[in-house]
Amino acid sequence: MANMASGDVDFSKYKVENLKKYLSDRGIQLSDRGKGKRRAELLELCQNAAEMKQQKLEEVVESFDRVLEEKLQTNEGLLPNPDTLRSWSHNFASIPEFTFADLYSYLVGKDDYSVENLRSFKSLHGYKLFHDGHVEDLQCCRLENKPFSYFQFKVKPAERAKTEDGQSTYNGFFILKSSAEVHAAYCPCKGGSDGACKHVTAALFDLQSMVSSNLTNTCTSEKCLWKRRNRNSDYAIRLEDLNIVKAEFGKEEKLHLKPYHFDPRSTLTNSSTLKEKLRQGLKQVCPDAVALQFLPSSSGLDIPEASVAEYIACDANVEHHETVYPMYIYTMKEYADVFKSEKNIAKDFCCNDELVEEFIDFLNLDQTQCDTICAKTVQQGGSQFWIDQRTGRITASNFYKICHLKDTTDKTNTIKLLMNYCPMKNVPEPLEWGHRKEISAAKLYFKKLNHKHCDLLLKESGLVVNPLWPFLGASPDRVQYCKCHPKTLVEIKGLFSKRNLLPAVAAADKLIKTTNGYQLKVETTWYYQIQGQMAITGVKHTALVIYTNKGILIVPVEFDPVFWLTILKKLQLFFVGHLAPELLTGRVLKDVKN
Ligand SMILES: [Zn+2]
Ligand SMILES: [Zn+2]
């Protein structure tokens, strides 16, 4: 069968039954056992099969065995066939700590996986399959006496409902060494035998995500169980909440067309259709009717749907092309993962300043990415995306705290806070009160100011990241627009413990009384936060709105660039000295775990 692989078998000399045998050996079914087929048809089928290098069934089995043997070969002898293992489980409690770096070093160099491709790993097919919940099952099995762990996966095909050979999932496996290095992987798809197809990749991403989220959930005692991933790209929201906007920070909001502005009911009851029906009916029954002169005659020609479809499908009729580039947003942790993988840094390395500097250079977000983060977090405040984007960044509400840390103070708790290692489960009472009050305070503020401005608008903001300082973040409460003044941030602050006092009395220790009102003291958490928010958003004015149950007080705060520079220097030092090393090493996280 040496000539089989070349694809140029001379079938012309084959008899009909030999042609049929050639096909059936390759699992190609002929209806009616090929009785109805003419020789020419069979010949063509055989030629196609040969061109597609369709292997003989026994050869397929043989080559699978050979591939399998290769994959199971180790220095310590042959590993068992995964089919013979019985103790598969969803409990991943004692598996090796499989990191992004392990996944990276296994894939890089294989197939299409280059350093460039892996840097934007979210655009990989395999990542998308994982992200969209195509990994339907992942189970593990530890070998009793050998340092290897087996994983078997079921991955749903990307577009079609069935796999190439008619199954509902691609069922393959991979093997990890105790160091978490991938020893081998296999998938039954075409091209999956080299162990780097998108299904294997999806399963590896699934495992990595599970291991990392289990590592991060420090405050739960949940078992490390594999759970099927939600399809988190589709979740339901109310029609009126659907906001179709281009991601752009600080752009004035227009009134957007909402889907419910469109009436999806049948156009049969539409008055113009009725008029047309009446006109046609009248024309038939009484062609001389005077009314016909006043009824509008049918405009436009009726074009059948089929010809419209044909017109649209023809490339020659395309007037305008637009390429849409998908935008992928990475978290600080993911930047650190890719950076470490590219640098090929060992798991237990020591972090040095030089490396951190390189990492900061590596953190390169462009304006579009920052705009996307902002737009996505406006609509999903408090969502996982919002949490993930804040994690590993110093956000403005923490600026005062960071700037006042003494050299001798242990930074562990601050790092835990910024890395979100111990997320709050229940919202405490003051925060809940704050959330409720913030909305009414904003409404009251708007009412007080509305008549003093032209077209006043208060817009909610998402998380703002500035490409200049990608490790910082700010979430102003509102952004204020009008036609008569420059853009202004609105920061709304409540004082729960003094909620029954007048705002000016409640906040007396934070304010200085001036001749024409109040001024915010510099050495307050509010001042640091507000200055930071203005620096990051590039807005020069803020209205601080202090509220209690007694009402609101408005205190203007102007941007102070000199003051900002002193804050910035301290924030940079903290990021370089503490937060970046934590992103890269996870040292505090390991301590929290143990
Ligand atoms: Zn595959
Ligand atoms: Zn104005």
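Here are some questions and answers about the fold of this predicted model.

Me: Happy to start with the overview: how many helices and strands does the secondary structure of the chain come to?
Reply: Let's set the scene with burial and contacts. Of the chain's 594 residues, 29% count as buried. Among contacts with a separation of 6 or more, 66% are between residues 24 or more positions apart. As for secondary structure, the chain comes to 21 helices and 16 strands.

Me: Which helix gives the most to the largest nonpolar core?
Reply: That core has 62 residues, and those with the most contacts inside it are Ile394, Leu544, Val545, Ile546, Val555, Leu571 and Leu579. One helix, spanning residues 561–585, supplies eight residues to this core, which is the most. That helix is α20.

Me: Between which domains does this core lie, and why?
Reply: The reasoning rests on where the core residues come from. One contributing domain covers 336–422 + 569–593, and the other covers 429–567. Because both give residues to the core, it lies between domain 4 and domain 5.

Me: Nice, and which residues does Val555 touch, leaving out those up to four places away in sequence?
Reply: Val555 is one of the residues with the most contacts inside the largest core. In general, nonpolar side chains of soluble globular proteins tend to be buried together. With residues up to four places away left out, Val555 touches Leu511, Tyr518, Gln519, Leu520, Leu544 and Ile546.

Me: How many residues are in the second, separate core?
Reply: This core is separate from the one that includes Val555. Its members include Cys140, Leu176, Tyr186 and Leu207. The second core has 46 residues.

Me: Which strands are at the edges of the five-stranded open sheet, and why does each have one side without a neighbour?
Reply: The strand order is β8-β11-β12-β15-β16, with mixed pairing. Averaged over neighbouring strands and ignoring direction, the turn of one against the next is 30°. Each edge strand has a single partner, so one side of each is left without a neighbour in the sheet; the two are β8 (457–460) and β16 (551–558).

Me: Within that sheet, what is the bridge partner of Val490 in β15?
Reply: Strand β12 (residues 488–494) runs parallel to strand β15 (residues 541–548), and seven bridges join them. Val490 finds its bridge partner in β15, and that partner is Ala543.

Me: At about what angle does helix α17 run to β12?
Reply: Helix α17 covers residues 429–449. It lies across β8, β11 (478–481), β12, β15 and β16. Relative to β12, helix α17 runs at about 135°.

Me: On to the four-stranded open sheet: which are its edge strands?
Reply: The order there is β3-β4-β5-β6, and the pairing is antiparallel. From one strand to the next the twist averages 15°. The strands that pair on one side only are β3 (135–142) and β6 (182–186).

Me: Which residue stands opposite Asp137 in β4?
Reply: β3 and β4 pair in the antiparallel sense over seven bridges, and they form a hairpin with five residues between them. On its β5 side, strand β4 (residues 148–155) is joined by eight bridges to residues 170–177, where Asn171 is the bridge partner of Lys154. Opposite Asp137 stands that residue of β4, Lys154.

Me: Through how many residues does a hairpin join β13 to β14?
Reply: Strands β13 (residues 511–514) and β14 (residues 517–520) run antiparallel and are joined by four bridges. Leu511 stands opposite Leu520 in β14. The hairpin joins the strands through two residues.

Me: How far apart are the axes of helices α1 and α2?
Reply: Helix α1 (residues 16–25) packs on α2 (residues 39–51) at an angle of about 35°, and their crossing is left-handed. Val16 and Leu19 are among the α1 residues in the contact, with Leu42 and Cys46 among those of α2. The axes are 10 Å apart.

Me: Is Gln367 buried or exposed?
Reply: Gln367 sits in helix α13 (residues 367–379). Its C-alpha atom is separated by 7.6 Å from that of Asn466, 99 residues apart along the chain. Because Gln367 has 12 other C-beta atoms within 10 Å, and 12 or fewer is the cut-off, Gln367 is exposed.

Methods
Residues are numbered from 1 along each chain as its sequence is written. Chains are lettered from A and ligands numbered from 1 in the order in which they are written. This is a predicted model: local features need pLDDT of at least 70, side-chain atom pairs count only at pLDDT 80 or more; totals for chains, interfaces and linings use all residues. A nonpolar core is a set of buried Ala, Val, Leu, Ile, Met, Phe, Trp, Tyr and Cys residues joined through C-beta atoms within 7 Å. A residue is buried if 20 or more other C-beta atoms lie within 10 Å of its own, exposed if 12 or fewer, and partly exposed in between; C-beta atoms are placed from the backbone. Domain bounds come from an automatic or database domain assignment. Two residues are in contact if their C-beta atoms, placed from the backbone, lie within 7 Å. Two strands pair if DSSP finds at least two bridges between them. Axes are lines fitted to C-alpha atoms, for helices over the stretch in contact, and angles run from 0 to 180 degrees between N-to-C directions. A crossing is left-handed if the near helix is turned anticlockwise from the far one by less than a right angle, and right-handed if clockwise.
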